[in-house]
Amino acid sequence: MLPGKAVETDEQILDYLRAAALTVFHPVGTCKMGTDDLAVTDPATLKVRGVNGLRVADASVMPTLIGGNTNAPTMMIAEKCARMILSAA
């Protein structure tokens with residue numbers, strides 16, 4: 001049914017997808033933790049590499065999308081980060 005008969009060429013299909021596509025998933029991995037070159041945060045401390053005094057404690061540190069809702073794991077990440085910060089003070 002969508003995008004309709006008026007959309008025929010590859011370019012028109014790509015234009016339609018760019019304008020209309022969305023996801024039902026919560027974004028993760030934009031500041032992923034890890035040890036590879038694409039990792040933004042240290043996996044042990046959640047500190048952002050190359051930036052002093054900044055940690056990320058949300059779903060963006062998850063390296064990949066999990067198989068369930070991201071709410072509870074995100075709260076666990078934040079709780080763990082809060083405990084790390086408090087224990088260092």
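Here is a chat between two colleagues about this predicted model.

Colleague: What does the secondary structure of the protein chain come to?
Modeller: Keep in mind that this is a predicted model. Helix 1 covers 10-20, and helix 2 covers residues 71-88. For the protein chain, the tally is two helices and zero strands.

Colleague: What radius of gyration does the protein chain have, next to a compact globule of 89 residues?
Modeller: The C-alpha trace spans about 65 × 30 × 20 Å along its principal axes. Buried residues make up 19% of the 89 residues. A compact globule of that many residues would come out near 12 Å, but the protein chain has 19 Å.

Colleague: How far apart are the C-alpha atoms of Leu-14 and Pro-63?
Modeller: Leu-14 sits in helix 1, and at 38% relative accessibility it counts as partly exposed. Along the chain, Leu-14 and Pro-63 are 49 residues apart. In space, their C-alpha atoms are separated by 28 Å.

Colleague: How far apart are the end C-alpha atoms of helix 2?
Modeller: Helix 2 has 18 residues, and at 1.5 Å a residue it should span 26 Å. The model agrees with that, since the end C-alpha atoms are apart by 26 Å.

Colleague: Which residues of helix 2 are buried, and what arc do they fall within?
Modeller: The buried ones are Thr-74, Ile-77, Cys-81 and Met-84. Seen down the axis of helix 2, they line one face, because they fall within an arc of 85°.

Colleague: And which residues are exposed on the other side of helix 2?
Modeller: To count as exposed, a residue needs over 50% relative accessible area. On that other side, the exposed residues are Met-75, Met-76, Arg-83, Leu-86 and Ser-87.

Colleague: Which residues form the largest nonpolar core?
Modeller: In soluble globular proteins, nonpolar side chains tend to be buried together. Here the largest nonpolar core has ten residues. They are Val-28, Leu-46, Val-48, Val-56, Ala-59, Val-61, Met-62, Ile-77, Cys-81 and Met-84.

Colleague: Leu-46 caught my eye; what is its phi?
Modeller: Leu-46 is in the loop between helix 1 and helix 2. The residue is buried, with a relative accessible area of 5%. Its phi is positive although the residue is not glycine, with a value near 65°.

Colleague: Is Thr-70 buried or exposed?
Modeller: Thr-70 belongs to the loop between helix 1 and helix 2. Leaving aside neighbours within four places in sequence, it is in contact with His-26, Val-28, Met-62 and Leu-65. Its relative accessible area is 6%, and the cut-off is under 20%, so Thr-70 is buried.

Colleague: Which residues is Met-62 in contact with, leaving aside its neighbours within four places in sequence?
Modeller: Met-62 is one of the residues of the largest nonpolar core. Its contacts, with those neighbours left aside, are Val-28, Gly-29, Lys-32, Thr-70, Pro-73, Thr-74 and Ile-77.

Colleague: Which residues does Cys-31 touch, not counting residues up to four places away in sequence?
Modeller: Cys-31 is found in the loop between helix 1 and helix 2, and it is partly exposed, with a relative accessible area of 21%. Its C-alpha atom is separated by 33 Å from that of Asp-10. With those sequence neighbours not counted, Cys-31 touches Val-40, Thr-41, Val-56, Ser-60 and Val-61.

Colleague: What is omega for the peptide bond from Leu-2 to Pro-3?
Modeller: Pro-3 lies in the segment before helix 1. The bond from Leu-2 is cis, with omega near 15°.

Definitions and conventions: Residues are numbered from 1 along each chain as its sequence is written. This is a predicted model: local features need pLDDT of at least 70, side-chain atom pairs count only at pLDDT 80 or more; totals for chains, interfaces and linings use all residues. Side-chain values use heavy atoms; hydrogens and water are left out. Helices (H or I, at least four residues) and strands (E, at least two) are DSSP runs, numbered from the N terminus. The expected span of a helix is 1.5 Å times one less than its number of residues. Buried means under 20% relative accessible area, exposed over 50%, partly exposed in between (1.4 Å probe, protein chains only). The arc is that of the directions from the helix axis to the C-beta atoms. A nonpolar core is a set of buried Ala, Val, Leu, Ile, Met, Phe, Trp, Tyr and Cys residues joined through side-chain atoms within 4.5 Å. Contact means heavy atoms within 4.5 Å. The radius of gyration is taken over C-alpha atoms; the globule rule is 2.2 Å times the number of residues to the power 0.38.
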